[in-house]
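Welcome to a short set of exercises on reading a protein structure. Try each task yourself, then go through the solution step by step.

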Amino acid sequence: MEYTLLIHDFSIKAEHGLLKKEHGKEQTFIVNSEIICIFDSASAKSDTFDESVCYGNIRSQIESIFKNHRYDTLEALAFDLNTSVLAMNTNFITITTSVIKNEIFSDCKVGIRLTTNNHAK
């Protein structure tokens with residue numbers, strides 16, 4: 001069995017971008033991640049925090065990638081984010097993350113969606 005963990009509408013201010021107008025300026029990014037996990041019925045039956053996945057740890061890892069590194073491209077940022085989150089738990093199978101920029105154009109939002117698989121599975 002599998003289940004999906006959701007981190008949606010995570011708003012992060014950080015400095016990333018290829019355009020000159022993006023250098024030296026924080027902008028708002030909206031991050032959505034969906035992590036497909038192996039469902040461990042024994043963990044579910046125990047109903048304890050120690051046996052569960054902590055959403056706060058995933059959120060902190062995402063924030064750390066945004067705050068502690070600078071990327072020119074969203075592709076590189078999303079790839080590092082996805083691979084670092086997958087490495088957090090052996091039960092994580094696949095992660096799909098979208099990163100949206102709100103402040104580049106006045107008439108639209110732009111971004112990417114990247115799916116990364118844990119090839120050890």
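**Exercise 1. The whole chain**

What percentage of the 121 residues in the chain do buried residues make up?

Solution. Keep in mind that this is a predicted model.
- Step 1: A residue is buried if its relative accessible area is under 20%.
- Step 2: Buried residues make up 36% of the chain's 121 residues.
- Step 3: Now look at the outside: the chain exposes about 7,200 Å², and carbon and sulfur atoms supply 51% of that area.
- Step 4: For the fold, list the elements: there are three helices and four strands. Along the sequence they follow the pattern β-β-α-α-α-β-β.

**Exercise 2. The core and one helix**

Find out which element gives the most residues to the largest nonpolar core.

Solution.
- Step 1: The largest nonpolar core has 25 residues, and those with the most contacts inside it include Ile35, Phe66, Leu81 and Phe92.
- Step 2: The elements that give two or more residues to this core are β1, β2, α2, α3 and β3.
- Step 3: Of these, α3 gives the most, with six residues.
- Step 4: Check the helix itself. α3 has 13 residues and reaches 18 Å from its first C-alpha to its last, close to the 18 Å expected at 1.5 Å a residue.
- Step 5: Among the buried residues of α3 are Leu74, Leu77, Ala78, Leu81 and Val85. In an α-helix there are 3.6 residues a turn, so residues three or four places apart point the same way.
- Step 6: The buried residues of α3 pack against β2, α2, β3 and β4. As one example, Leu81 touches Val31, Ile62, Phe66 and Ile95, among others.

**Exercise 3. Leu86 and Asn118**

Decide whether Leu86 is buried or exposed, then follow its contacts to Asn118.

Solution.
- Step 1: Leu86 lies in helix α3, which covers residues 74-86.
- Step 2: Its relative accessibility is 8%, so Leu86 counts as buried.
- Step 3: Leaving out residues up to four places away in sequence, Leu86 touches Phe92, Ile93, Thr94, Ile95, Thr116, Asn117 and Asn118.
- Step 4: Move to Asn118, in the segment after β4. Asn118 is buried too, because its relative accessible area is 17%.
- Step 5: With the same sequence limit, Asn118 touches Leu86, Phe92 and Ile93. The side chain of Asn118 also reaches the backbone oxygen of Phe92 at 3.1 Å.

**Exercise 4. An aromatic pair**

Work out how the rings of Tyr3 and Phe39 are arranged.

Solution.
- Step 1: A pair of aromatic rings is described by the distance of the centres and the angle of the planes.
- Step 2: For Tyr3 and Phe39, the centres are 5.8 Å apart and the planes are at 85 degrees.
- Step 3: An angle over 60 degrees counts as edge-to-face, and this pair is edge-to-face.
- Step 4: Locate the partners: Tyr3 is in strand β1 and Phe39 is in the loop between β2 and α1, 36 residues apart.
- Step 5: Tyr3 counts as partly exposed, at 28% relative accessibility, and Phe39 is partly exposed at 30%.

**Exercise 5. An unusual angle**

What is the sign of phi in Asp9?

Solution.
- Step 1: Most residues other than glycine have a negative phi.
- Step 2: Asp9 has a phi near 60 degrees, which is a positive value.
- Step 3: Asp9 sits in strand β1 and is exposed, with a relative accessible area of 59%.

Note on methods
Residues numbered from 1 in each chain as written. Predicted model: local features only at pLDDT ≥ 70, side-chain atom pairs only at ≥ 80, totals over all residues. Heavy atoms only, no water. Buried < 20%, exposed > 50% of the residue type's maximum accessible area, 1.4 Å probe, protein only. Contact = heavy atoms within 4.5 Å. Core = buried A, V, L, I, M, F, W, Y, C linked by side-chain atoms within 4.5 Å. Polar contact = N/O pair within 3.5 Å; in protein donor to acceptor, adjacent residues only side chain to side chain. Phe/Tyr/Trp six-rings, centres within 6.5 Å; stacked < 30°, edge-to-face > 60°. Expected span 1.5 Å × (residues − 1). Areas by Shrake-Rupley, 256 points an atom, 1.4 Å probe, with all protein chains shown as cover.
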